[in-house]
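Me: I'd like to take a close look at a single part of this model with you. Could you walk me through it, and then through what lies around it?

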Amino acid sequence: MFRNTKAFSGFSVNDLQQANDFYQNILGLEVVKMNGMLELKIAGGNPILIYPKPNHTPATFTILNFPVDNIEEAVAQLNKLGVRFLQYEGALKTDEKGIFRGGGPKIAWFQDPSGNILSVLETTAH
């Protein structure tokens, strides 16, 4: 039934203008305003819808992963733009830079202004 449908993802935020500024000016993504919402244009994929929600609750899981060639460079560049990386203990213990190096791809998590969790992860296959 949905085999030929162009599906897309979406998530909520509590402040559309803050989200627009963050995704466009900090992350450098193309953002289009439409019908009181935002549409992220992600390379190689379908758009992602961002919609305002007055009683927004941030996702407790990673909503977007950004593959990068060099996680050290990505983390450093985002730090310069004011992005702070999350620190985790236990099975997902991160180092002082916020990078998890415990097996699998190196990954670092951060939040958008509404508290949604995003990541950069080092991979050679994008």
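Leaving aside its neighbours within four places in sequence, which residues is Asn 116 in contact with?

Reply: Happy to! Please keep in mind that this is a predicted model. Beyond its neighbours within four places in sequence, Asn 116 is in contact with Phe 11, Ser 12, Val 13, His 56, Pro 58, Ala 59, Ile 63, Phe 110 and Gln 111. Asn 116 itself belongs to the loop that joins strand S7 (107-111) to strand S8 (117-122). Despite that loop setting, Asn 116 has a relative accessibility of 2%, and because the cut-off for buried is under 20%, Asn 116 counts as buried. Its side chain also has a polar partner: one of its polar atoms lies 2.9 Å from the backbone oxygen of Ser 12, and Ser 12 is in the contact list above as well.

Another loop asparagine makes a nice counterpart. Asn 35 sits between strand S2 (30-34) and strand S3 (37-41). At 71% relative accessibility, Asn 35 counts as exposed, because the cut-off for that class is over 50%. The backbone of Asn 35 deserves a glance too, with a positive phi of about 50° although the residue is not a glycine. Most residues other than glycine have a negative phi.

Next, the helix H1, which covers residues 16-26. Asp 15 caps its N-terminal end, with a side-chain oxygen 3.0 Å from the backbone nitrogen of Gln 17. Within H1, the buried residues are Ala 19, Asn 20, Phe 22 and Tyr 23. In an α-helix there are 3.6 residues a turn, so residues three or four places apart point the same way. After H1 comes Gly 28, with a positive phi near 75°.

On either side of that glycine in sequence you meet the largest pocket: Leu 27 and Leu 29 are among the residues nearest its centre, together with Phe 66, Pro 67 and Val 68. The pocket holds about 440 Å³ of space and is lined by 17 residues. Strand S5 (62-68) and helix H2 (71-80) are the elements that give two or more residues to this lining, and S5 supplies the largest share, with five. By class, the lining has 15 nonpolar residues, two polar ones and no charged ones.

Finally, the wider frame: an unreviewed UniProt entry places the feature "domain: VOC" at residues 5-123. In the model, this span is 18% helix and 34% strand, and its end C-alpha atoms lie 28 Å apart.

Definitions and conventions. Residues are numbered from 1 along each chain as its sequence is written. This is a predicted model: local features need pLDDT of at least 70, side-chain atom pairs count only at pLDDT 80 or more; totals for chains, interfaces and linings use all residues. Side-chain values use heavy atoms; hydrogens and water are left out. Buried means under 20% relative accessible area, exposed over 50%, partly exposed in between (1.4 Å probe, protein chains only). Helices (H or I, at least four residues) and strands (E, at least two) are DSSP runs, numbered from the N terminus. A polar contact is a pair of N or O atoms within 3.5 Å; within protein, one must be able to donate a hydrogen and the other to accept it, and residues adjacent in sequence count only if both atoms are side-chain atoms. Contact means heavy atoms within 4.5 Å. UniProt positions are given in the numbering used here, feature names are shortened, and annotations may be inferred rather than shown by experiment. On a 1 Å grid over the protein atoms alone, a cavity is a set of points where a 1.4 Å probe fits but cannot get out, and a pocket is an open set with protein on both sides within 12 Å along at least five of seven lines; lining residues have an atom within 4 Å of a point. Grid points are joined across faces, edges and corners, and a volume is the space filled by probe spheres set on the points. Ala, Val, Leu, Ile, Met, Phe, Trp, Tyr, Cys and Pro count as nonpolar, Asp, Glu, Lys and Arg as charged, and the others, Gly among them, as polar.
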